[in-house]
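User: I would like a close look at one strand of this model and at what surrounds it. Could you walk me through that part?

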Amino acid sequence: MNKKIEKLRQKVREFAAAEVAPIAAQIDRSDTIPLTLWRKLGEQRLLGITVPKIYGGEALSYLAHVIVTEELSRASGTVGFSYAAHSNICVDNLYKHGTDKQRKKYLPELISGNHLGALAMSEPDAGSDVIGSMSCHAEKKGNVWIANGVKRWITNGPDAGVLIVYMRTADKKEAGSHSITAFLVEQDMKGFSTGDKIDKLGMRGAGNCELYFENCEIPEHNVLGDVNQGVSVLMSGLNSERLILCGGPLGIMQTALDIAVPYANQRQQFGQAIGNFQMIQAKLADMYTQLEASRSFVYRVAEQFDNNNRTIGRDAAAACLFTSQAAVQLSLDAIQIMGGRGYMNDNTPGRLLRDAKIYEIGGGTNEIRRLIIARELLKEASEHSH
Ligand SMILES: Cc1cc2nc3c(=O)[nH]c(=O)nc-3n(C[C@H](O)[C@H](O)[C@H](O)COP(=O)(O)OP(=O)(O)OC[C@H]3O[C@@H](n4cnc5c(N)ncnc54)[C@H](O)[C@@H]3O)c2cc1C
């Protein structure tokens, strides 16, 4: 790990310990992340990690971005999650696929934290099969696109000033995968509105809601990428999304260990610390090993991503699969080591479990990740055999 990234990690760790960790339980209880936190993250220069300096970013690597997400998630799972949706899923995608004009118009507000960003592909009837089942659609009329339909579950949706939104723009039967377009939608565009904030199991604080498009007029210059080429925007975005999201489970696992190890030293039963019992020691050792294996895997995939390695699709999916499962397990282990205290909402492990679970679902479920990994392995083997 180079010195620049270690310095960044230290800076984020200190910021998160001072500004995020003290309000983490309150964010969970009140189901609200204070909007002022976004400006603070902007002042810390954390919202445009992978964006070049000419657009106000930091021009750093995806590995650096994973580490920032990890450190924020260590302080609060939901802040890390909402941060990844903003800084990677919206900001990084907007930079990668936007025109110079679009970048200059939208990135400064997003990177300063004045605007929150979101990305919307999922719909009530289009989840894992988001491309095949997408029914939100837009038709060109003069120099605007008229969009209609409903998006669901969208992270940061209730407060987002700018959203990347996918719409069907050509007949699926005729155009196949060339029938979807990505658009940049602004909060106050005519015909666009958001539903109530949805009550969730975990990641409480991060806003999730439905988005409604009722003859919403999107100017033609707000097409992101090329018309009918939205699937390639979506697929390239999903790889980097899965990678950056891995920082979330890493941070949650670190917190599980941060809690469980001192507790095992301090809690006395049968006249001694429970850390003396080998069954507790085995749990701690397994937790540590899972975390370190996850960390090494994720950092290696991030470095590969930074070097444009072509196996990134299956590796980003595999890293996400492995770390999300490990984070759920470590959260359960922390609860078990704390016994009854671990089960109480006044203590942190329950929140870790509720937060960790989303990483087995969001950005494509673990079942879909397994399909991606297996499909790529089988394809590669069949290419080699010809
Ligand atoms: C908190 C939260 C935040 C989210 N944020 C966003 C966001 O910001 N933007 C956005 O666009 N979306 C977002 N989503 C949506 C998320 O990406 C979807 O929930 C996810 O892709 C799964 O879709 P689904 O929920 O419709 O499940 P479904 O696709 O209905 O799947 C249900 C079950 O069937 C399984 N399944 C489906 N197909 C197969 C198959 N072929 N083989 C085996 N098993 C299969 C799934 O793995 C799952 O277990 C969010 C979701 C949540 C819960």
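Analyst: Happy to: here is a look at strand β1, starting from the chain and ending at the ligand.

Please keep in mind that this is a predicted model. The chain has 15 helices and ten strands. Its radius of gyration is 21 Å, close to the 21 Å that the globule rule gives for 386 residues, so the chain is as compact as a globular protein of that length. Buried residues account for 48% of those 386 residues.

Now to the strand itself. β1 covers residues 116–120, and five of its five residues are buried. In a regular strand, side chains alternate between the two faces of the sheet. In β1, L116, A118 and A120 point one way, while G117 and L119 point the other way. Residues on both sides are buried.

What does β1 pair with? Five bridges join β1 to strand β4, residues 160–168, and the two run parallel. Within this pairing, L119 stands opposite I164 of β4.

β1 also takes part in the surroundings of the ligand: together with β3 (144–155) and α15 (366–385), β1 is one of the elements that each supply at least two residues of the shell. There are 23 residues around the ligand, and S122, G127, S128, T365 and E367 come nearest. By class, the shell has twelve nonpolar, nine polar and two charged residues. Domain 2 (119–228) and domain 3 (246–385) both contribute to the shell, so the ligand lies between them.

Terms used:
Residues are numbered from 1 along each chain as its sequence is written. This is a predicted model: local features need pLDDT of at least 70, side-chain atom pairs count only at pLDDT 80 or more; totals for chains, interfaces and linings use all residues. A residue is buried if 20 or more other C-beta atoms lie within 10 Å of its own, exposed if 12 or fewer, and partly exposed in between; C-beta atoms are placed from the backbone. Helices (H or I, at least four residues) and strands (E, at least two) are DSSP runs, numbered from the N terminus. Two strands pair if DSSP finds at least two bridges between them. The radius of gyration is taken over C-alpha atoms; the globule rule is 2.2 Å times the number of residues to the power 0.38. A residue is near a molecule or strand if its C-beta atom, placed from the backbone, lies within 6 Å of it. Ala, Val, Leu, Ile, Met, Phe, Trp, Tyr, Cys and Pro count as nonpolar, Asp, Glu, Lys and Arg as charged, and the others, Gly among them, as polar. Domain bounds come from an automatic or database domain assignment.
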